[in-house]
Amino acid sequence: MAATVSIGAGPHELLIGGEWVKAADGRTFATIDPATGETIAQVAHAGAEDVDRAVKAAAAALEGPWSKLPAATRSLLMNRLADLIEANAEELAQIEALDNGKPVTIAGKVDVPGAVDHLRYYAGWPTKIEGETIPVSWPNVFVYTRKEPVGVCGQIIPWNFPLLMAAWKIAPALAAGCTVVLKPAEQTPLSAIRLGQLIQEAGFPEGVVNVITGDGETGAAVVDHPGVQKIAFTGSTAVGREIGAKAGRMLKRVTLELGGKSPNIILPDADLEAAIKGSFQAIYFNSGQACNAGSRLFVPKEHYDEIVGALAQAAKSTRLGPGLEPETQLGPLVSAEQHERVLGYIASGREEGAELVVGGEAALTDSGGYFVAPTLFSATSDELRIAREEIFGPVLVATPYETLEEVARRANDTDYGLAAGVWTRDVGNAHRLAAMLQAGSVYINCWGLVDPSTPFGGFKASGIGREHGHDGLDAYLETKTVWTAL
């Protein structure tokens, strides 16, 4: 039986300075159910004036009540928010399934618990942010450092894991004592709106977190605003380059978690059953809409037909459907635009001569939703568009290889460097490849594991900086050196 969630028709408003308000110019936009193509609700469309109000509210909170709270109180509020998310887990999972299309079972097991874990991890940090005393060569001089919040942070989150990515962004910022202007993706605004309500319920001071909904124009206004000291963005490399260029000109702090074209390598001695199962999940989880999806599969020549055949059979037996149906294994793509984009790449693969093994077509076309069958190509060239460009859909490209050195070279022959995987029983080869692969995360006999304590980010065009762990906290802190003559 399909889960149900009640979402009012709206228009759903902006959270600015502790108040829910309409956009200054009254504009709204529709958020769409990707399983049907029908409108869920109308949502306020923030413009530059709304962004300005949100930034000023965040600045006022930073200078006022938020900065005056003891560190232990910040921890208390963050833990209270985590408790509220956990208490409303079923509702939040259903919102994600409705607005994003992902299976409600996945949202309930991954997205919502991950958001809770992230907040609880970072709730432990406010009381542990410390400076240091430094012995210097000058006589009769005392020197120490202070760790201070970077300031007002503009945080722009993607549509593939809306609630989880919001938690990834706000948790370290709040732990560091920053204030936030949170801008969710226009495709999936609903969970951020609900998060804003829970932030109020948790008792955060007004203006500490502001939620502004809108499109790329809204995000650009956040990036451009002179009152924003740091930008954190997760999304495409193309948009990340634009944001990075703007941040560079304005000398703003910036963290960018961008795209990927991640290689997944099965070595000849691997546990093939585990490797096949893990490689299937690496690409088709979340309908392939993950920045660290294992979209390039390198298979030893002697096992190629066996592995490709097993993956094709698994793809054929996968159940597609609306995210709110508990039996669904693969939901729709998030939007008509993404649907068209993925089908375009599939057409490109065919035109460039790749062998289509399974899938390659729109699915459940009578539903009105944006479904694409899980697709597998077999190729011998690494120069195809489907082998080089991020597709962000359920499309896997498998290619054979012969030697370890060859596969490492080919795996690294990409503009991206977010993730890589190795399947093997040989611990020596596992760590040899881990050292050779140019990626921010290397998964050995697993794929896509994430923990709030472990740094996450990419090499090359996959981003700048790291999220999670101590690295993620440091991105929201400035170091001040204080010199005192005695």
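Helices (H or I, at least four residues) and strands (E, at least two) are DSSP runs, numbered from the N terminus. The legends below describe a predicted model.

**Figure 1. Overview of the predicted model, which has 16 helices and 23 strands.** The radius of gyration of the protein is 23 Å, close to the 23 Å that the globule rule gives for 486 residues, so the protein is as compact as a globular protein of that length. Along the principal axes, the C-alpha atoms fill a box of roughly 75 × 60 × 40 Å. Of the 486 residues, 57% are buried. When contacts between residues at least 6 apart in sequence are considered, 74% of them join residues at least 24 apart. The protein exposes about 19200 Å², and carbon and sulfur atoms supply 52% of this area. There are 39 positive and 58 negative charges, and the mean positions of the two sets are 5 Å apart.

**Figure 2. Close-up of helix 7, residues 190–202.** The helix has 13 residues and reaches 19 Å from its first C-alpha to its last, close to the 18 Å expected at 1.5 Å a residue. Because 10 of these 13 residues are buried, helix 7 is largely enclosed by the rest of the structure. Its buried residues include the aliphatic side chains of Leu190, Ile193, Leu195, Leu198 and Ile199. Also buried in helix 7 are Ser191, Ala192, Arg194, Gly196 and Ala202. Gly203 follows the helix and has a positive phi, near 100°.

**Figure 3. Close-up of Val209 in strand 8, residues 209–211.** Val209 has a relative accessibility of 5% and therefore counts as buried, the cut-off being under 20% relative accessible area. Apart from neighbours within four places in sequence, Val209 is in contact with Leu15, Leu174, Val180 and Ile199. Of these partners, Ile199 is one of the buried residues of helix 7, the helix shown in the preceding view. For a sense of scale, Met436 lies 227 residues away from Val209 in sequence, and the two C-alpha atoms are 41 Å apart in space.

**Figure 4. Close-up of Pro172 within helix 6, residues 162–176.** With a relative accessibility of 2%, Pro172 counts as buried. Not counting residues up to four places away in sequence, Pro172 touches Tyr122, Ala167, Gly472, Leu473 and Tyr476. A further residue in this view is Glu467, which is 295 residues from Pro172 along the chain; their C-alpha atoms are separated by 8.6 Å.

**Figure 5. Close-up of helix 12, residues 336–351, and the elements packed against it.** At 1.5 Å a residue, the 16 residues of helix 12 should span 22 Å, and this agrees with the 22 Å between its end C-alpha atoms. Its buried residues are Gln338, His339, Val342, Tyr345, Ile346, Ser348 and Gly349. These residues pack against strand 14 (362–363), strand 15 (371–372), strand 16 (375–378), helix 13 (385–388) and strand 17. Just after helix 12, Gly353 takes a positive phi of about 100°.

**Figure 6. Close-up of helix 14, residues 404–412, and its cover.** The helix is mostly covered, with 7 of its 9 residues buried. Leu404, Val407, Ala408 and Ala411 are among the buried residues, as are Glu406, Arg410 and Asn412. The elements that cover them include strand 11 (263–266), strand 12 (296–300), strand 17 (395–401), helix 15 (427–436) and strand 21. Strand 17 also packs against the buried residues of helix 12, shown in the preceding view.

**Figure 7. Close-up of Asn445 and His468, which are not glycines and have positive phi values.** Asn445 has a phi of about 60° and lies in the loop between strand 20 (441–444) and strand 21 (459–460). His468 has a phi of about 80° and is found in the loop between strand 22 (463–464) and helix 16 (469–474). Is each of these residues buried or partly exposed? At 40% relative accessibility, Asn445 counts as partly exposed, whereas His468 is buried, with a relative accessible area of 2%.

Definitions and conventions: Residues numbered from 1 in each chain as written. Predicted model: local features only at pLDDT ≥ 70, side-chain atom pairs only at ≥ 80, totals over all residues. Heavy atoms only, no water. Rg over C-alpha atoms; globule rule 2.2 N^0.38 Å. Buried < 20%, exposed > 50% of the residue type's maximum accessible area, 1.4 Å probe, protein only. Contact = heavy atoms within 4.5 Å. Areas by Shrake-Rupley, 256 points an atom, 1.4 Å probe, with all protein chains shown as cover. Lys, Arg positive; Asp, Glu negative; His and termini not counted. Charge placed at Lys NZ, Arg CZ, Asp CG, Glu CD. Expected span 1.5 Å × (residues − 1).
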